[in-house]
Every structure is written in C-alpha cells, then in structure tokens.
Number of protein chains: 2
Amino acid sequence: MSEQHRSADRTAETRPDPTGHARDDEAVSQFVERFAAQLVDAGMQRMSARVFACLLASDSGVLTSAELGERLQVSPAAVSGAIRYLSQVDMVSREREPGSRRDRYRVHSDQWYEALARRDNVLTRWEGTLREGVVSLGEDSPAGRRIGETLVFFEFLQTELTGLLQRWREHRDRMRAELEDAAR
Amino acid sequence: MSEQHRSADRTAETRPDPTGHARDDEAVSQFVERFAAQLVDAGMQRMSARVFACLLASDSGVLTSAELGERLQVSPAAVSGAIRYLSQVDMVSREREPGSRRDRYRVHSDQWYEALARRDNVLTRWEGTLREGVVSLGEDSPAGRRIGETLVFFEFLQTELTGLLQRWREHRDRMRAELEDAAR
DNA sequence: CGCTAGATTCACAAACTTGTGAAGTTAAGA
DNA sequence: TCTTAACTTCACAAGTTTGTGAATCTAGCG
C-alpha cells in the first residue's frame, strides 16, 4: 500500500508544525463530533454530518475514504453512503487521484453560501403547498387568510435571501482584498 | 359530553359558510398532511408537525386536545407530547377554557417571525463551537483558517437577520395599514 | 487480459424513535 | 370533600434508521 496519503494529515496524537503549532487530535476530534452533532440537530444525517465536519477540520480539505474511516472509526460502507449524500447536495466533490484507483473527497469552500442558496428551492416548495392550502381552505375563510399571511412571509423571505447573498459576496470579496493587502 | 367544542370547525365532509364557501375536509386534510411532511423534512418531529399544521388550517386557530385527536386520528397521549414540544418552542400557546377543565391550544399569529428570530440562538451556539474549533486547530493552520471563514459567514448571517426581521415588521405593518384602508 | 485495490450495494442486526393503552395526577364542580 | 373529566406519564410494541460485514462491481496496472 502506498504511503502517499499520510502526507496531508497525520493520525499521531500531536504534530509539531512549521509555525510552531501542534495539532491535538483529541481536541480536533471533539470539535468534529460537537459540530457534527449540531448539524444533526439542524436535520442532517448523522454520518454525513460527521464526514463533513471531519473534512472541514482537515488541513488539506481533502481526505480519502480510508482516512475518513480511520478517523471516524466507521466502515467503508458508511463512508460511501455519507459521501453519496454529501455530493448529491454538493457539499463535497469527488476527485479521482491521478495514477491511483483511490477517490479523494474535497470540501467546497463556498459550501455554506451554496447551502443557503439551496434553501431557495425549499422555500419555493413550501410556497407551493401554502398556495394550494389557501385554495383548499377558501381564500376568504379565516384559516385561508392565516395561511395566506404565512405565504406572504415566505415570499418576503425569499426576496430577502437574494439581497443577503449579494451582500455576502461583497463582504467576502472586500475581506479577501484586505487579506491580500495585508500579505503584501 | 358537551357539544360546545364543535362550534368552531365541523368535522362533516363539507360546510356551507356565510360567504358561500364550502370547507372540503378531504382537501384540508391533504393540505395538513402535505405541509406537515415538509415541516418534518425541515427537521420537526412528525406529530408536532401534524398538530401544528392542523391548528394552522383551523378557522378559529384554536382547538382542543379531543378535536386534534379526532382530526389526526391519534391518541390523547400523542397530542399531549406534541403540544409539550410546540409550547416549549413557543409555536402554540395553551389556554384554559374558563368554566371548563379542558385546555385549548392556539397558534401564534407571529409564529414564523418568532421561529426565525429563535434561529439567532442556534447561530450563536454554532459560532461558539466554531470558535472552539479555531482554537483546537490552531488559528494559523489551514484547517483553522477554513473554520474561521465559516465563522465569519455565520457572524454575517446573524447581523443580517436583525435587519431582515426589522424590514419584515415594516413590510407587515405597511400591509396591514393597506388592508385597513381597503376595508374603509 | 487477468489481478487486485478500492468503491459500492445489500441483507441484516442493533439502536433509536414514535405512538399506544393504561395507570396516575390534577382540579372543576357538586 | 368527593367525583370525575381531562391532561400527563410510562412501559412497551411497532416501525424506522443506521452502520456493518460480505458479496459484487469497477478500473488501474502488470
């Protein structure tokens, strides 16, 4: 077996690094599990959440199935299932390592932005259901009017989302420009 | 048993009403189940979602445990559990019907607004975990920097949320004023 | 063109979740 | 103060989800 894949993130307890920092695997694992738990609370499947958090906390941002399995103490089958979901929702991408039959999974840097943008679709579906509801209940009935108000709120949210994401892009670009300046 | 509680929403198939609308119970139930399913997809417990959707679709906006049980075909125990959750998260309020030992459960008109405002707390918790993560990973490590960027995004979101809710309040008040005008 | 590392699929068992009936508790009204 | 309608709690059964090992598939490489 090749030793290549050990270069990015070691599994030893701690590791000195060029800037004088040590990576405390115990602390890292605690972060991974804690953050994954919060993603689960927010509705994500457990294993997908753990895999995602693990990738997020890796220095390279890229890990193989075997590495994920070792860090999370799960079988290749579990990793496979998690990756299937995560790539479906575009939170990780799959890369084939050239000159190898081993896949590498990478976190997208814009995951959160993308995830939020995808909420747009969810809102649209909700709005569809609410519109049907207004019809079923009768738009002049008290219940119909109540559902209608909810619909207005979601429509408002959806509009706001557009502006919000635009402002985020500007905010991010401004930040990056500052970082570039500082580096010079 | 008193017949009082039948006054607000009948269980018969359809009902003529003063404005000439009929309430098609089959269609209403379909809306309730469909909307509840979407709430479940978004992470809510099944029974809580059904109870909430049912209240939302009732003309009075107020139902008793027995009415909820009959409409959703579930036991009083199930209703009790759902209501416990919903009142914990402030999506329904409990009222004691005066001169009776029967509770009534009411949907809040501002549920969605409130629910979104509560997201604020969730974000704060996430930010806490992310901050710990940056420390664990070392703020100058690539992973630490990646988590840090995520943290910035969530901080941005939290700021935006404040403005968004403020704009919603204005939007809503403007709408209500227009409705008042039209009624005159 | 076959061998084999690695990914995927699948049936199953363990763990968790959900809703029920029954027992227990509370408080309105006589 | 007693009775009893209505809510709540609890143990359990049914249903669902999750992760595993084993079998299967895929595609680099000799």
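Start at DNA strand C and select α3 (65–72) and α4 (76–88) of chain A with α2 (46–56) and α4 (76–88) of chain B: each supplies at least two residues of the surface near the strand. Here "near" means that the C-beta atom, placed from the backbone, lies within 6 Å of the molecule or strand. Helices (H or I, at least four residues) and strands (E, at least two) are DSSP runs, numbered from the N terminus.

This is a predicted model; local features need pLDDT of at least 70, side-chain atom pairs count only at pLDDT 80 or more, and totals for chains, interfaces and linings use all residues. Residues are numbered from 1 along each chain as its sequence is written, while chains are lettered from A and ligands numbered from 1 in the order in which they are written.

**The DNA surface**

Stay on α4(A). It gives the most to the surface near DNA strand C, with five residues. Now show all 22 residues around the strand; Ser65(A), Ala77(A), Met47(B), Ala77(B) and Ala78(B) come nearest. Color by class: nine are nonpolar, seven polar and six charged. Ala, Val, Leu, Ile, Met, Phe, Trp, Tyr, Cys and Pro count as nonpolar, Asp, Glu, Lys and Arg as charged, and the others, Gly among them, as polar.

**Between the chains**

Next, select the contact between chains A and B: 40 residues come from chain A and 41 residues from chain B. Contact requires C-beta atoms, placed from the backbone, within 7 Å. On the chain A side, α1 (25–41), α5 (111–137) and α6 (142–183) each supply at least two residues. α6(A) gives the most, with 11 residues. This side of chain A has 17 nonpolar, 13 polar and 10 charged residues.

**The sheet of chain B**

Move to chain B. Three strands form an open antiparallel sheet, ordered β1-β3-β2. Strands pair if DSSP finds at least two bridges between them. β1 (62–64) and β2 (92–96) are the edge strands, each pairing on one side only. From one strand to the next, the twist averages 30 degrees. Zoom in on Thr64(B): its bridge partner in β3(B) is Arg104(B).

Add the helices. α3(B) packs on the sheet against β1 and β3, its direction making about 85 degrees with that of β1(B). α4(B) touches β2 and β3, at about 115 degrees to β2(B). Axes are lines fitted to C-alpha atoms, for helices over the stretch in contact, and angles run from 0 to 180 degrees between N-to-C directions.

**A hairpin in chain A**

Finish on β2 (92–96) and β3 (103–107) of chain A, antiparallel and joined by five bridges. Arg94(A) stands opposite Tyr105(A). Six residues separate the two strands of this hairpin, and Gly99(A) in the turn has a positive phi of about 70 degrees.

How values were computed: Two residues are in contact if their C-beta atoms, placed from the backbone, lie within 7 Å.
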